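Dear colleague,

Please find below the structure that I am handing over to you, together with its sequence. My findings follow directly after it.

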Amino acid sequence: MMVRLSHIVLLGALLVGLALLPASAQIKISGSTPEDGAELDGPVRTVRVWFDKAPVVAESTLELSGPGNRAKIEGLHTMGENDLMGRVTGPMPNGDWEMSWTAVGPDGKTQTGSVTFTVDRNR
Ligand SMILES: [Cu+2]
């Protein structure tokens, strides 16, 4: 019995192809409120970040940092739209703010990123 060389080459190419397939694409941000780079004329009371797939809420986080660092995000939840949402408590003075997110995707992998915005009541 003979195995043709061309078949072996084809099988090899197929195995290499399978090995190169990504196991599962990592979770990616697709939008936020406030939007990245937003210039707001007052503080925000709720924040929201959307992703390309559903994050694992219990293992994900949203945090704010900015002038005074007293604004906190509480009650993290999802509205069922591949999002994380929370309400902001505490004062949010004028200045540059950063909302950092950590999201665990359905693949169990953690991704991080941040959105920046400014608050200026005199705008
Ligand atoms: Cu909500």
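In this predicted model, P91 touches G68, R70 and A71, leaving aside residues up to four places away in sequence. P91 itself lies in the loop between β6 and β7. With 10 C-beta neighbours inside 10 Å, P91 counts as exposed. P91 and A54 are 37 residues apart in sequence, and their C-alpha atoms are 30 Å apart in space.

Overall architecture

The chain has one helix and eight strands, and from the N terminus on its elements run α-β-β-β-β-β-β-β-β. The radius of gyration is 22 Å, well over the 14 Å that the globule rule gives for 123 residues, so the chain is more spread out than a compact globule. Its C-alpha trace spans about 85 × 25 × 20 Å along the principal axes. Of the 123 residues, 18% are buried. Among the contacts with a separation of 6 or more, 58% are between residues 24 or more positions apart.

The antiparallel sheet

One open sheet consists of four strands in the order β1-β3-β6-β5, with antiparallel pairing. Strands β1 (29-33) and β5 (72-77) stand at its edges with a single partner strand each, so one side of each has no neighbour in the sheet. On average, neighbouring strands of this sheet are turned by 20° against each other, direction ignored.

Within this sheet, β3 (residues 46-51) and β6 (residues 83-89) run antiparallel and are joined by five bridges. T46 stands opposite R87 of β6. Strands β5 and β6 also pair in the antiparallel sense, over four bridges, and the bridge partner of H77 in β6 is M85. The hairpin of β5 and β6 has five residues between the strands, and in this hairpin G80 takes a positive phi near 80°.

The mixed sheet

A further open sheet of four strands has the order β2-β8-β7-β4, with mixed pairing. Its edge strands are β2 and β4, each of which pairs on one side only. Neighbouring strands here are turned by 25° against each other on average, again with direction ignored. Five bridges join β4 to β7, and these two strands run antiparallel. L64 stands opposite M99 in β7.

The nonpolar core

In soluble globular proteins, nonpolar side chains tend to be buried together. The largest nonpolar core of this model has 17 residues, and those with the most contacts inside it are V47, V49, L62, L84, M99, W101 and A103. Strands β3, β7 (95-104) and β8 (110-119) each supply at least two residues of this core. Its largest share, four residues, comes from β7.

L84 deserves a separate note. Residues up to four places away in sequence aside, L84 touches R48, V49, P55, V57, S60, L62, L76, T78, W101 and A103. Among these contacts, V49, L62, W101 and A103 are also listed with the most contacts inside the core.

Backbone geometry to check

Most residues other than glycine have a negative phi, and most peptide bonds are trans. Three places in the model may be read against that background.

- T33 and P34 are joined by a cis peptide bond, with omega about -5°. P34 is found in the loop between β1 and β2 (38-40).
- N69 has a phi near 50°, a positive value in a residue other than glycine. N69 lies in the loop between β4 (61-65) and β5. With 9 other C-beta atoms within 10 Å, N69 is exposed.
- N82 has a positive phi of about 55°, although N82 is not a glycine. N82 is found in the loop between β5 and β6. With 17 C-beta neighbours inside 10 Å, N82 counts as partly exposed.

To recapitulate, the model holds an antiparallel sheet in the order β1-β3-β6-β5 and a mixed sheet in the order β2-β8-β7-β4. The largest nonpolar core draws at least two residues from each of β3, β7 and β8.

With kind regards

Notes: Residues are numbered from 1 along each chain as its sequence is written. This is a predicted model: local features need pLDDT of at least 70, side-chain atom pairs count only at pLDDT 80 or more; totals for chains, interfaces and linings use all residues. Two strands pair if DSSP finds at least two bridges between them. Axes are lines fitted to C-alpha atoms, for helices over the stretch in contact, and angles run from 0 to 180 degrees between N-to-C directions. A nonpolar core is a set of buried Ala, Val, Leu, Ile, Met, Phe, Trp, Tyr and Cys residues joined through C-beta atoms within 7 Å. A residue is buried if 20 or more other C-beta atoms lie within 10 Å of its own, exposed if 12 or fewer, and partly exposed in between; C-beta atoms are placed from the backbone. Two residues are in contact if their C-beta atoms, placed from the backbone, lie within 7 Å. The radius of gyration is taken over C-alpha atoms; the globule rule is 2.2 Å times the number of residues to the power 0.38.
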